[in-house]
Amino acid sequence: DAIEYYEAARKIYLKTGNTRAAGNCLNKIADAYMSTSQYDEALSYSFQAFKEFERLGDRQGMAGSLIGSGNVYQAMGNFNKAIGDFEKALSVAREANDLMNEASCMNNLANVYGLLGKNDTAINYLEQAGAIYEKLHDKFNYGKVLNNIGTVYLDREMFDEAESYFLKALEVRKSISDNRGMASSLANLGN
């Protein structure tokens, strides 16, 4: 059981003084609970991780914990709390100059705003996330963002724009041999 392994690893990390890794275990336990729709437990572990990282002054860990709780709230359909946690995480990530978590927050905010039908806001966040991923030379996530922008345009029945983004995503994904991503982009082009 993943949770038991993370708990055992956490105990060892605490004994050896690796408190950051111990905090990461809390986030992994939260993820495991979320994957089985045990949302209260997932939130509890995300909050514990946040408190641990806050005590350590670890802004990257704090942002990651807030992203985790935001994902739980999104899965629960509590979009306002999801947005709140993603916005807090975005602020913390920016303070820490943590570009990966900053882009992740923007991508997550885009997902929530897309679910709320606020497509212009979703595209704005996706474009910002894409610019960061491109700056970081993270082609995997850049391809995902391009594909997500295409999906928003597809939902709006703006077919030419959607096709353009799906083709860009396909090109990026081919360049890194991301077979799953290529399949997703091709399937979206078929829509």
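A salt bridge here is a side-chain nitrogen of Lys or Arg within 4 Å of a carboxyl oxygen of Asp or Glu. The model on display is predicted, and the tour opens with pairs that meet this criterion.

**Stop 1: the salt bridges**

Select E102 and R94. These two residues form a salt bridge, with their closest N and O atoms 3.2 Å apart. The partners differ in their exposure class: E102 is buried because its relative accessibility is 11%, whereas R94, at 42%, counts as partly exposed. By the criterion above, the count for the structure comes to 8 salt bridges.

Next, select R20 and D58, whose side chains meet in a salt bridge with an N to O distance of 2.9 Å. This pair links distant parts of the chain: R20 belongs to helix 2 (residues 19–35), while D58 sits in the loop between helix 3 (39–56) and helix 4 (59–76), 38 residues apart. R20 has a relative accessibility of 30% and is therefore partly exposed. D58, at 13%, is classed as buried.

Then move to E52 and R55, which are joined by a salt bridge of 2.8 Å, N to O. Both residues lie in helix 3, and because they are 3 residues apart, about one helical turn separates them. Is E52 buried or exposed? E52 is buried, with a relative accessible area of 12%. R55, by contrast, is exposed, at 56%.

**Stop 2: helix 7 and its surroundings**

Select residues 119–135, which make up helix 7. At 1.5 Å a residue, its 17 residues should span 24 Å, and the end C-alpha atoms are 24 Å apart, so the expected and modelled spans agree. Now colour the buried residues of this helix: N119, A122, I123, Y125, L126, A129, G130, I132 and Y133. Which helices do these buried residues pack against? They pack against helix 5 (79–95), helix 6 and helix 8 (139–155). Just after helix 7, centre on H137, which takes a positive phi of about 60°.

From there, step across to N107 in helix 6 (residues 99–115). Leaving aside residues up to four places away in sequence, N107 touches L126, A129, V145 and N148. Two of these contacts, L126 and A129, are among the buried residues of helix 7. N107 has a relative accessible area of 11%, so this residue is itself buried.

**Stop 3: the cysteines**

Select C25 and C105. C25 counts as buried because its relative accessibility is 6%, and C105 is also buried, at 0%. How many disulfides does the structure hold? The structure holds 0 disulfides.

**Stop 4: helix 9 and a surface patch**

Finish at helix 9, residues 159–175, and pick out S164 within it. S164 is partly exposed, with a relative accessible area of 30%. Draw a distance from S164 to L189: the two C-alpha atoms are 9.4 Å apart in space, although the residues are 25 apart in sequence.

L189 leads to the last selection. Together with L167 and L186, L189 forms a nonpolar patch on the surface, with about 240 Å² of accessible area in total. Of these residues, L167 is located in helix 9. L167 has a relative accessible area of 42% and is therefore partly exposed.

Technical notes
Residues numbered from 1 in each chain as written. Predicted model: local features only at pLDDT ≥ 70, side-chain atom pairs only at ≥ 80, totals over all residues. Heavy atoms only, no water. Helix = DSSP H or I, 4+ residues; strand = E, 2+ residues; numbered from the N terminus. Buried < 20%, exposed > 50% of the residue type's maximum accessible area, 1.4 Å probe, protein only. Disulfide = S-S within 2.5 Å. Contact = heavy atoms within 4.5 Å. Patch = residues over 30% accessible without salt bridge, like charges linked within 9 Å, V, L, I, M, F, W, Y side chains within 5 Å. Areas by Shrake-Rupley, 256 points an atom, 1.4 Å probe, with all protein chains shown as cover. Expected span 1.5 Å × (residues − 1).
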